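Colleague: I have a sequence and a model open on my screen. Walk me through it, please.

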Amino acid sequence: MISLPLRGVRRPAPPPCRRDRPVTALPAAARCHALARSAVRAALAGAARILPWAFLATAGAVAAEPTVWVLERASVERVQPSQGGASEPRQSVRLPDDWAATRRAFEGTVTYRLAVPPAPAASVPRAVYLPRVCGDLEVRWNGVLVSHRPHEGPASCHRPHVAVLPPDATRGGELQLQLRARGLEAVLLRQDAGYMAAPRIGDEPTLRRREERQLAWVGWMPLALAGTLALFAFGWLMMAWWRGGAAVPLYAGVVLVGAAALSSRAWWQSLLPSNAWAWPVLAALVAGVTSCALLWLQRYEGMRRRWVDAGLALQCLLVPASIALARPAQVHELAVGWWAVLWVEAAFAVALAASRWRRIGRPRGRWVIAGGVVTLAFGAVEWAVQAALVELPPNQPTEFALPILLVALAVIAARYCAAALEAADAARSALEEEISRRSAEIEQRYAQMAEARIEQVAEAERKRIAGDLHDDLGAKLLTIVHTSSDERISTLAREALEEMRLSVRGLTGKPVKVADALADWRAETVSRLGQAAVQVDWMTEHDNDERHLSARAYVQTTRILREAISNILKHSGASACTIRCVIDETDFNLVIQDNGRGIPLELDGKLDRGHGMASMKRRAKQLSGQCLVESGPGFGTVIRLTLPL
């Protein structure tokens, strides 16, 4: 096939004291919904399988644990620096002793004296365990100092303490616990006021295990929650950045960052020089988290009120400034008042959003309203604790419940946001797909028209060249054949004439019947091999096949067959040749086998360097087929040609 440069034709371009029982810590696992209900179901199924075994293991540990005694009464002696360091008369109190309720405005040292009963002789030492103590602590046994733990801020208030008693502790004696701390009116939060828990007396290994469990609950759980919140915050902030500073994910990320900072308060507050530095920071965090949550609710509601934005921004500055400028005795009362204001604001915003969403029938708002109501309930409990209306629980519930609730709300909001993004992406993808389909149709039609035009021009040009070759070159070659007296020249002219006619047939592009092609090939093969006394065995069952071969396939197959016959005559020394033609539904197969000497070993691997074998394989490859050569010294040669129909 001849490729011709055509002018004026273009192709389109592509387009998260009693027997006492140990405290069991909850598993510190941060479950991520991962935007799919299947993940939650898998987690619940795993928990349903693991928790019964964990309960049985814990029950076994409790049954096997030695006796631990709780000392609930103590004789108290306190010393207040403002009274010149004089000791006050002793009093009998019940433990635990929460200074926020019993010593509200006290700041000084309190000594707790407890009588410890004797215990049976044991191979392990005795120890005293304090589940929670807030302040600078000294532990003395019969007047001898056995342990001292300095106050290190909120982190030490939440950590338990174990002090190993001397070996003579099994005979009983007096346990003195000296606590230096401040009352409620000298701290911002009730959790930071002086606190003495009921001591536990028992074997040291048992109490050490209690300490480990308690540390896992009050030590690492807040950090795990803070880390989970930080991860969610990072995701929301990245989403806000990706969407060009969108308000809903931005405020959600800021709320989660503030909640993570509040959850890890016991850790970063110990790094500050004093509590006076931490009070404004805590106040700013609480005010900021509340304000950003209200702004998020407003944006999520689809509304924006500038006077609300300005008021909340002013509030975020006013709350920490008032805490920083207040006297220490007024800080707690001022903070309780601010917490009440923030709670009322949040309750009003949730009620307003619930009323509006119910009116417009927004179904997904019920999850946000439910989360807001639960958050308000925990906020009311926390305010009651700070206002000393209820007793301080051993483990503050809001320190764990609110972060978990925020994570749940973040997951729910992320699901809806992901669903909205997915729907938008699906719509955009559908639109792009439709545009691509329509564009592809237009391009295909244009390409078909261009190809048809190219084919028409090329066909006309091929016919012209074929005619010129036939009329001019053919006539001259034929004259040479008939007039030349030299047999060699006459033979060469005849071969050139046959080759020219084959090329002209390929140029015309007219398909050839399979039966006609087989007949031509058979006649030529038998004639050439018969002249060299080579017996030919032609095997085919397609002498009457009405299917067609393209002109190009016919021409290239003819040349491959001629080259194979020439190799047999020149190099093989064969006496017989078998040619087998098999045609199935998709492929045309031609096998040429001789009984000659085969290809010598020294030529193995060098066949493609010559022109004969290389041209055969190249012609087959041009037709999207293959030509394989199998041979060995003394075994003849087999050429297998496979072409697609």
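Colleague: What pLDDT does the protein average?

Modeller: This is a predicted model, so confidence comes up front. Of the residues, 74% score at least 70. The average pLDDT is 76.

Colleague: Over which residues does pLDDT stay under 50?

Modeller: There are stretches to flag. For residues 53-64, pLDDT stays under 50, and the model has 4 contacts beyond four places in sequence. For the other stretch, the model has 75 such contacts. That stretch, also under 50, is residues 1-51.

Colleague: Now the helices. Are H4 and H5 roughly parallel or roughly antiparallel?

Modeller: Helix H4 covers residues 204-242 and helix H5 covers residues 247-263. Their axes lie 8 Å apart, at an angle of about 160 degrees. Angles over 145 degrees count as roughly antiparallel. H4 and H5 are therefore roughly antiparallel.

Colleague: How many charged residues does the contact of H4 with H5 have?

Modeller: From H4, the contact includes Leu225, Phe232 and Trp236. From H5, residues including Leu250, Val254 and Val257 take part. By class, the contact has 19 nonpolar and 2 polar residues. The number of charged residues is none.

Colleague: Is the crossing of H4 and H5 left-handed or right-handed?

Modeller: Take H4 as it passes H5. The crossing is left-handed.

Colleague: Next, H8 and H9. Why do they count as roughly antiparallel?

Modeller: Helix H8 spans residues 306-325, and helix H9 spans residues 328-360. Their axes are 10 Å apart. The cut-off for roughly antiparallel is over 145 degrees. H8 and H9 meet it because their angle is about 165 degrees.

Colleague: Which residue class has 10 members where H8 meets H9?

Modeller: Leu312, Leu318 and Ile323 are among the H8 residues there, and Val331, Trp338 and Glu345 are among those from H9. The contact has 2 polar residues and 1 charged residue. The class with 10 is nonpolar.

Colleague: There is a sheet too. Which strands are at its edges?

Modeller: The sheet is open and has 3 strands, in the order E4-E12-E7. Its pairing is antiparallel. An edge strand pairs on one side only. Here those are E4 (97-98) and E7 (133-134).

Colleague: Which residue in E12 stands opposite Val133?

Modeller: Strands E7 and E12 run antiparallel, and 2 bridges join them. E12 covers residues 195-196. Opposite Val133 stands Met196.

Key
Residues are numbered from 1 along each chain as its sequence is written. This is a predicted model: local features need pLDDT of at least 70, side-chain atom pairs count only at pLDDT 80 or more; totals for chains, interfaces and linings use all residues. Side-chain values use heavy atoms; hydrogens and water are left out. pLDDT is the predictor's confidence in each residue, from 0 to 100. Contact means heavy atoms within 4.5 Å. Axes are lines fitted to C-alpha atoms, for helices over the stretch in contact, and angles run from 0 to 180 degrees between N-to-C directions. Helices (H or I, at least four residues) and strands (E, at least two) are DSSP runs, numbered from the N terminus. Angles under 35 degrees count as roughly parallel, over 145 as roughly antiparallel, 65 to 115 as roughly perpendicular and the rest as oblique. Ala, Val, Leu, Ile, Met, Phe, Trp, Tyr, Cys and Pro count as nonpolar, Asp, Glu, Lys and Arg as charged, and the others, Gly among them, as polar. Two strands pair if DSSP finds at least two bridges between them. A crossing is left-handed if the near helix is turned anticlockwise from the far one by less than a right angle, and right-handed if clockwise.
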